[in-house]
Amino acid sequence: MGQTNVTSWRDFVFLGFSGSGELQHLLFALFLSLYLVTLTSNVFIIIAIRLDSHLHTPMYLFLVFLSFSETCYTLGIIPRMLFGLAMGDQAISYVGCAAQMFFSASWACTNCFLLAAMGFDRYVAICAPLHYASRMNPNLCAQLVVTSFLIGYLFGLGMTLVIFHLSFCSSHEIQHFFCDTPPVLSIACGDTGLSELGILILSLLVLLVSFFFITISYAYILAAILKIPSAEGQKKAFSICASHLTVVIIHYGCASFMYLRPKASYSLERDQLIAMTYTVVTPLLNPIVYSLRNRAVQTALRNAFRGRLLGKK
């Protein structure tokens, strides 16, 4: 290996940006800028919703935890990527790689089930508006959030154990910019058939189960919207779900492409582009989509910026 002299047998080396050359500093500036915008946007949404009593409803509670989950997800990936671009050190320890995979997989799975919980919330809001307050009570919301986090961590632990019980004896060069399951699995030696099957089963469980609940929720939502007599009423009902649907399509589209395919179809350039979408773009897109399409969030953000909710009246 070309970089064996800077690593030990317990190290991995990221090759994701090895061909960037002089562009690495430009990429560092670009990704740092995007990351700071993402971090700031999510933090402002959390603060604005937390401090505005008018937004203490289940829909915005789920949005707070989705922003928190996305923030934690990026914390496990982007700072290490930025460090590698800035310092030229693309080595990561065996334990560090396992930890990065565990936390990134856990938060990614958590996001899936939080999106499912948000879909259920929209179902109750549109299909049973008169019973919304009683059905989406604080206890149920707390249970849905806690369940999403617990399931996410269990699946993250399962995926990490499936990968890191293998041996890595032929190459420790990861054709990626972080320890994601497909590229790490691709460098394992020996028969990886069972591990591939295990990752596929876990990925299917996470994606299909959560997406099943989202699909069922929106099937009932669509049926209810079609019964609304006025076009204006239908448009208003659709607008309630537009932000959530946009995030769902992007999140599940990227995740399905990355994890529901055989190891033989891995491609460095294509996979890095998809990975950039769900590690950099999607966490940035969430606050933009929700803030641009939601007047209540816009108002809360303006108040937070002006200091009206921060004790600067």
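**Notebook: serine 217, annotated spans and a cavity**

I began with serine 217, which I find placed in helix 8 (residues 193–226), and I note at the outset that I am working from a predicted model.

I then looked up its burial: serine 217 has 7% relative accessibility, and because the cut-off for buried is under 20%, I enter serine 217 as buried. For its side chain I recorded a polar atom lying 2.9 Å from the backbone oxygen of phenylalanine 213. Leaving out residues up to four places away in sequence, I list Gly119, Phe120 and Tyr123 as what serine 217 touches.

Next I turned to the UniProt record, an unreviewed entry, which lists "transmembrane region" for several spans, among them residues 91–120 and 199–225. For residues 199–225 I noted 100% helix and 0% strand, with the end C-alpha atoms 38 Å apart. For residues 91–120 the chain comes out as 90% helix and 10% strand, and here the end C-alpha atoms are 43 Å apart.

Last, I checked for enclosed space, and the count came to 2 cavities of 30 Å³ or more. I followed up the second largest cavity, which holds about 30 Å³ of space. Which residues line this second largest cavity? I wrote down Phe14, Phe17, Arg80, Met81, Gly84, Leu85, Gln90 and Phe177. Sorting this lining by residue type gave me 5 nonpolar, 2 polar and 1 charged, while helix 3 (residues 78–87) supplies the largest share of the lining, with 4 residues.

Key. Residues are numbered from 1 along each chain as its sequence is written. This is a predicted model: local features need pLDDT of at least 70, side-chain atom pairs count only at pLDDT 80 or more; totals for chains, interfaces and linings use all residues. Side-chain values use heavy atoms; hydrogens and water are left out. On a 1 Å grid over the protein atoms alone, a cavity is a set of points where a 1.4 Å probe fits but cannot get out, and a pocket is an open set with protein on both sides within 12 Å along at least five of seven lines; lining residues have an atom within 4 Å of a point. Grid points are joined across faces, edges and corners, and a volume is the space filled by probe spheres set on the points. Helices (H or I, at least four residues) and strands (E, at least two) are DSSP runs, numbered from the N terminus. Ala, Val, Leu, Ile, Met, Phe, Trp, Tyr, Cys and Pro count as nonpolar, Asp, Glu, Lys and Arg as charged, and the others, Gly among them, as polar. UniProt positions are given in the numbering used here, feature names are shortened, and annotations may be inferred rather than shown by experiment. Buried means under 20% relative accessible area, exposed over 50%, partly exposed in between (1.4 Å probe, protein chains only). A polar contact is a pair of N or O atoms within 3.5 Å; within protein, one must be able to donate a hydrogen and the other to accept it, and residues adjacent in sequence count only if both atoms are side-chain atoms. Contact means heavy atoms within 4.5 Å.
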